[in-house]
Amino acid sequence: MGKLQTFFSRHQRVNVGAMTLLIILAELSRLTSFEVVTPLMIAAAVIGGVPIILRAASALAYRVVSIELLVAVAIIGAAIIGEFNEAAIVVWLFNLGDVLEEVTLKKTRAAVKSLTELAPQTAEVLADINDTVGEVEEIDFVEQGDLVLVRAGDRIPVDGTVKKGTGVVNEASLTGEARPIQKMVEQTVSAGTILEDGLLVVAASRVGEDTTFGRIIELVEEAQDSKSKAQRVIDRFAKYYTPLVLVLALLVGLVTRDLAFAITILVLGCPGALVIGVPVSTVAGIGQAARRGILAKGSASLSALNRVDTLVFDKTGTVTKGQPEVVDQWWAPGASEEDRQLLVSVETIANHPLAKAVLNGVAATPQPVDKSRVRLGQGMVAEVAGHQVLVGNAKLLGEFQISLGAVKEVTQAWQTAGYSLVYLAVDGVLRGSLAITDPLKDGAQATFKKLRTLGYTNLIMLSGDNQTTAEQVGRAVGMTEVRGDLLPADKAEIIKELQARGHVVALLGDGINDSPALALAEVGIAMGNGTDVALDVSDIVLLHSDLTKLPLALTIAKKTSANMTQNITIALLTVALLFGGLLAGYVHIALGMLIHELSILIVILNGMRLLKVR
Amino acid sequence: MKKIMMELGGLSCPSCLEKIKTAVEHQAGVSEVKVLFNAGKLKATLDTNQVTAPVLKQVIENLGYQVKNVKEKEVTQ
């Protein structure tokens with residue numbers, strides 16, 4: 001029996017398509033002289049009904065009363081009293097609702113799956129540290145202490161310590177810092193990170209779900225799941241509704257001894273509008289959001305977003321563009337094209353985020369650099385065309401005893417504005433200074449104004465940058481709270497704190513370092529050009545990193561939730577009306593079925609209204 | 001005692017989750033049943049004297065759902 005069920009659930013869509021066709025043909029044949037309504041309806045009821053009856057029976061075998069049971073009894077009952085049209089329609093609606101729900105859920109699944117796939121499924125295990133080729137093992141069978149060979153371009157499969165070799169590792173999947181890191185013997189490496197260059201032999205210390213990466217995945221899986229509870233409300237309702245209708249029908253049947261009447265109750269009591277009402281709202285809401293550049297991964301995301309009262313933003317890449325730009329320049333009197341060329345020459349070989357901004361902001365032809373040395377946390381010392389060139393911060397120039405007096409007034413204003421400063425000194429003399437900042441995203445200020453208009457007054461910004469820079473950005477858009485100097489782990493802690501105080505939190509972020517916080521927040525909203533993992537763990541994605549879409553996302557969430565409530569209300573009112581009418585003797589099965597179908601039409605049309613939200 | 005993790009297929013409605021959870025919980029020797037809806041996974045702890053993973057697999061398949069993959073791990077107490 002299990003096999004037959006699996007077959008049906010695999011081909012449910014084909015099944016629903018076939019039923020739809022049969023029902024349409026049946027209705028069309030009414031218009032012709034060649035009427036074959038009943039046989040076609042019977043066919044539709046059988047192909048749709050058998051899987052439902054099977055599912056109901058198997059659930060009952062494990063003492064579980066499912067919603068399928070009510071539908072199954074109603075179908076069988078309707079067939080007994082010869083109401084094949086009703087049986088077919090009820091079965092069709094029930095299956096259609098199932099398929100609609102599955103379609104919306106598929107997106108959620110794909111997201112988690114692609115995250116899981118970032119973790120390697122196999123590892124090359126060496127028998128001896130000096131071997132160059134090992135045995136490929138399933139990751140679940142790799143033991144603690146095993147020596148694993150990692151080749152350039154591979155993802156590291158375990159957490160462990162380097163025992164042999166050197167390499168350059170990109171730890172972006174864990175830290176969000178896409179900077180390559182040099183790894184040598186006795187240094188630790190983490191599963192899920194990429195060995196960009198080199199060859200490593202790693203002794204495994206943690207494997208599979210115990211690795212840092214594995215724990216992140218587990219966290220995400222469980223976090224995502226705890227959210228889908230909202231979706232279960234309707235099924236929980238059905239849990240009580242189902243036995244109630246069954247008992248009612250049984251009582252009525254026993255008291256009146258009228259089988260047709262009892263079965264009418266069952267047929268009318270089938271939660272048709274109820275079953276289809278919620279998926280219709282969801283599909284319409286999610287569809288409309290998608291058309292406007294907002295990807296919501298499932299109905300739970302939208303209903304959770306509706307309950308949010310606190311919006312938390314990551315700064316870089318979310319509120320700001322995430323790409324520093326030169327916003328102001330100062331050049332010493334007599335500074336020439338040559339100074340600009342020297343600056344550009346050094347920045348061309350520098351591997352620093354600010355260097356890119358300088359290259360974009362200053363146009364000059366780079367010259368070959370003869371010698372260069374990086375001074376960590378300060379800048380670069382180089383030799384170009386016989387000149388000693390310093391490019392870096394005030395600390396670097398201080399070390400070389402170069403006076404910054406000439407530029408002091410200008411830089412003070414820049415510092416107050418929260419800009420980062422880059423100095424250029426040639427042969428021991430200050431020649432120029434640049435102000436660099438990560439500018440606000442286009443429309444950021446208008447977006448925050450709109451958010452306040454919509455009634456969101458808890459606007460919090462978190463940043464790994466220093467407090468001054470963060471506050472500067474926060475003031476510009478009107479944040480209510482700004483927290484700077486944070487480590488990735490701190491962000492998740494802050495979300496927890498807010499939740500402990502009873503807030504429902506949405507987090508907007510773009511980096512992998514935001515992933516735990518994204519997963520932890522009731523709603524994680526990722527910026528669409530962010531890293532893959534951040535997209536995977538989020539509930540909602542704003543495409544093209546478009547922050548201005550946030551107010552619309554909130555509006556759609558509100559309207560979709562309201563729409564669902566309306567549809568549930570319509571469905572329940574219909575059921576109440578039908579039962580009232582039935583008991584009072586006004587409603588017989590044909591009129592009842594018509595009202596029933598009208599209510600379904602109404603909830604569908606109501607759901608369609610969501611397609612107009614903008 | 002054993003910890004098991006099963007990857008499930010065809011978990012499309014939240015009521016399926018309830019059904020599977022209830023059915024598995026009713027088996028003797030099974031505790032800490034967790035069905036991860038979005039991930040499509042079932043996690044549980046088994047008392048190997050009373051029940052085995054293949055038995056649970058059969059229970060889930062009888063309900064009409066696929067079990068794609070089973071992982072087991074010994075836990076010492």
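**Close-up views of a predicted model**

**View 1. Chain B, with its contacts spread along the sequence.** In this predicted model, 64% of the chain B contacts with a separation of 6 or more are between residues 24 or more positions apart. Walk along the sequence of chain B and you meet the pattern β-α-β-β-α-β, which gives two helices and four strands. Of the 77 residues in chain B, 36% are buried.

**View 2. Strand 5 of chain A and its two strand partners.** Here we're looking at residues 167-170 of chain A, which form strand 5. One partner is strand 6 of chain A (residues 180-183), paired with strand 5 in the antiparallel sense over four bridges. In that pairing, look for V168(A) standing opposite Q182(A). The other partner shown is strand 8 of chain A (residues 194-206), again antiparallel to strand 5 and joined to it by four bridges. For a landmark in strand 8, take G198(A), the bridge partner of G167(A).

**View 3. The covered and uncovered faces of strand 5 of chain A.** This view stays with strand 5 but turns to its side chains and faces. G167(A) and V169(A) sit on the covered face, while V168(A) and N170(A) sit on the uncovered one. So the two residues picked out in View 2 are split between the faces: G167(A), bridged to G198(A), belongs to the covered face, and V168(A), opposite Q182(A), belongs to the uncovered face.**View 4. Helix 11 crossing helix 22 in chain A.** The axes of helix 11 (residues 299-307) and helix 22 (residues 550-584) of chain A come within 8 Å and cross at roughly 105°, which means helix 11 is roughly perpendicular to helix 22. Helix 11 of chain A brings L302(A), S303(A), L305(A) and N306(A) to the contact. From helix 22 of chain A come A553(A), L554(A), A557(A), K558(A), T560(A) and S561(A). By type, the residues of this contact are five nonpolar, four polar and one charged.

**View 5. The buried face of helix 14 of chain A.** Helix 14 of chain A covers residues 353-361, and L354(A), A355(A), A357(A) and V358(A) are buried in it. Down the axis of helix 14, these buried residues fall within an arc of 160°, so they line one face of the helix. As a reminder, an α-helix has 3.6 residues a turn, so residues three or four places apart point the same way. What lies over the buried residues of helix 14 of chain A? The cover includes two helix and strand neighbours from earlier in the chain A sequence, strand 11 (325-331) and helix 13 (337-349), along with strand 15 (420-426) and strand 16 (429-437) of chain A.

Terms used: Residues are numbered from 1 along each chain as its sequence is written. Chains are lettered from A and ligands numbered from 1 in the order in which they are written. This is a predicted model: local features need pLDDT of at least 70, side-chain atom pairs count only at pLDDT 80 or more; totals for chains, interfaces and linings use all residues. A residue is buried if 20 or more other C-beta atoms lie within 10 Å of its own, exposed if 12 or fewer, and partly exposed in between; C-beta atoms are placed from the backbone. Two strands pair if DSSP finds at least two bridges between them. Two residues are in contact if their C-beta atoms, placed from the backbone, lie within 7 Å. Axes are lines fitted to C-alpha atoms, for helices over the stretch in contact, and angles run from 0 to 180 degrees between N-to-C directions. Angles under 35 degrees count as roughly parallel, over 145 as roughly antiparallel, 65 to 115 as roughly perpendicular and the rest as oblique. Ala, Val, Leu, Ile, Met, Phe, Trp, Tyr, Cys and Pro count as nonpolar, Asp, Glu, Lys and Arg as charged, and the others, Gly among them, as polar. The arc is that of the directions from the helix axis to the C-beta atoms.
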